[in-house]
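Ready for a few warm-up exercises? Have a look at the model first, then try each task before reading its solution.

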Amino acid sequence: MVTDNGGARGGGGCGEPELSDSLKTFGAVLKALRDEACLTQEQFAPRVQYSAAYIAKIEQGKRFPPRDLLDRSEEVLGATAARVLTAAARSLTRKVGLASWFLQWAAIEEDAVSLFSYESSVIPGLLQPEPYIRALFDRRLPPLAEEQFEHQVTARLERQRLLVERPNTTFSFVIEQALVERRMGGNDVTRTLIDHLLMTGRLRNVEIQAMPLIQEDHSGFEGPLSLAETTQNQWVGYVEAHDSSMLITDPKAASAMLQRYGKMRSQALSHQATTSLLEQMRGAL
């Protein structure tokens with residue numbers, strides 16, 4: 001178990017060592033592409049509208065790459081190089097604002113064949129729309145600095161790209177109906193949340209099921225859990241609560257979690273019934 005400041009089921013926190021390494025990796029990629037184009041820093045910098053000194057700091061891993069640099073690089077380095085650079089930046093952006101203890105699970109998420117999640121206290125991070133994310137971080141204690149706040153919002157939104165970038169990955173979510181009924185952040189945030197859940201639920205690789213408010217036969221009493229099936233078809237579990245998290249790689253323990261999750265799927269409303277419930281709740285707001 002690794003302890004750190006939790007992040008409302010999304011790995012919020014500070015992961016500076018990993019971020020530093022990722023910045024250096026991005027800088028190395030940029031330098032390699034620039035060298036391949038036979039451009040010095042002094043030649044490349046004005047063409048992307050930055051100073052040579054600033055480009056040098058990015059290549060040294062001392063500065064975070066601005067988005068307009070990526071856009072301008074395509075004209076200078078070519079479309080293929082720009083795609084490589086954008087991919088490197090996307091991986092980097094996902095790490096900004098993620099706690100160091102969460103990065104291992106985030107990496108597992110990116111390569112998973114199947115991802116399952118049960119939540120009883122907060123909507124899963126992969127399903128949170130931006131207003132809901134901001135409502136959560138607004139209420140976090142101790143409060144976040146503005147830069148930390150924005151980094152964490154960005155990181156969570158970037159993680160959600162997995163839902164569309166990995167169409168062959170199966171995503172299954174079981175969420176308590178109470179999480180929507182709670183109206184975290186107010187009615188406007190809840191409307192946005194329901195609309196987002198309905199839209200995301202239309203993806204062919206995503207299944208969202210609500211656990212009804214009254215369910216006498218409920219196997220989720222031990223708390224939230226996440227499960228991932230690796231490319232080697234092995235299951236890994238993950239649990240997070242308050243200031244602690246745990247990655248579960250023991251096959252026996254992961255199997256027990258998988259059994260509990262399977263039981264909960266049978267106890268929850270079907271995907272279609274959940275859609276109908278969300279539509280009713282949306283109309284009642």
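**Exercise 1: A charge and some rings**

The charged end of Arg-265 sits over the ring of Phe-116, at 5.2 Å from the ring's centre. Keep in mind that this is a predicted model. Your task: find which residues ring pairs link into a cluster.

*Solution.* Start from Phe-116, the ring that has the charged end of Arg-265 over it. Ring pairs then join Phe-116 with Trp-235 and Tyr-261, and that's your cluster.

**Exercise 2: Stacked or edge-to-face?**

The whole structure holds 5 aromatic pairs. Work out whether the rings of Trp-105 and Tyr-238 are stacked or edge-to-face.

*Solution.* Step one: the ring centres of Trp-105 and Tyr-238 are 5.1 Å apart, with the planes at 15 degrees. Step two: planes under 30 degrees apart count as stacked, so Trp-105 and Tyr-238 make a stacked pair. Step three, place them: Trp-105 belongs to helix H6 (residues 100-111) and Tyr-238 to strand E6 (residues 235-241), so the pair ties together parts 133 residues apart in sequence. Both Trp-105 and Tyr-238 are buried, too.

**Exercise 3: Another pair of rings**

Now do the same for Phe-137 and Phe-149: how are their rings arranged?

*Solution.* Their centres lie 6.0 Å apart and their planes meet at 70 degrees, so this pair is edge-to-face. Next, look at where they sit. Phe-137 is in helix H7 (residues 130-138) and Phe-149 in helix H8 (residues 146-159), so the pair ties together parts 12 residues apart in sequence. Finally, check the cover, using the cut-off for buried of under 20% relative accessible area. Phe-137 has 3%, so it is buried. Phe-149 has 10%, so it is buried as well.

**Exercise 4: A strand and its partners**

Which strands pair with E3, and how many bridges join them?

*Solution.* Take strand E2 (residues 114-119): E2 pairs with E3 in the parallel sense, over 6 bridges. For a concrete spot, go to Tyr-118, whose bridge partner in E3 is Val-174. Then turn to strand E4 (residues 206-211), which runs parallel to E3 and is joined to it by 6 bridges. Here Phe-171 has Val-206 in E4 as its bridge partner. As for cover, E3 (residues 170-176) has 6 of its 7 residues buried.

**Exercise 5: Zooming out**

How many helices and strands are there in the chain?

*Solution.* Count along the chain and you get 13 helices and 7 strands. While you're at it, note that 48% of the 285 residues count as buried.

Notes: Residues are numbered from 1 along each chain as its sequence is written. This is a predicted model: local features need pLDDT of at least 70, side-chain atom pairs count only at pLDDT 80 or more; totals for chains, interfaces and linings use all residues. Side-chain values use heavy atoms; hydrogens and water are left out. Buried means under 20% relative accessible area, exposed over 50%, partly exposed in between (1.4 Å probe, protein chains only). Rings of Phe, Tyr and Trp (its six-membered ring) pair if their centres lie within 6.5 Å; planes under 30 degrees apart count as stacked, over 60 as edge-to-face and the rest as tilted. Helices (H or I, at least four residues) and strands (E, at least two) are DSSP runs, numbered from the N terminus. A charge sits over a ring if NZ of Lys or CZ of Arg is within 6 Å of the ring centre and within 35 degrees of the ring normal. Two strands pair if DSSP finds at least two bridges between them.
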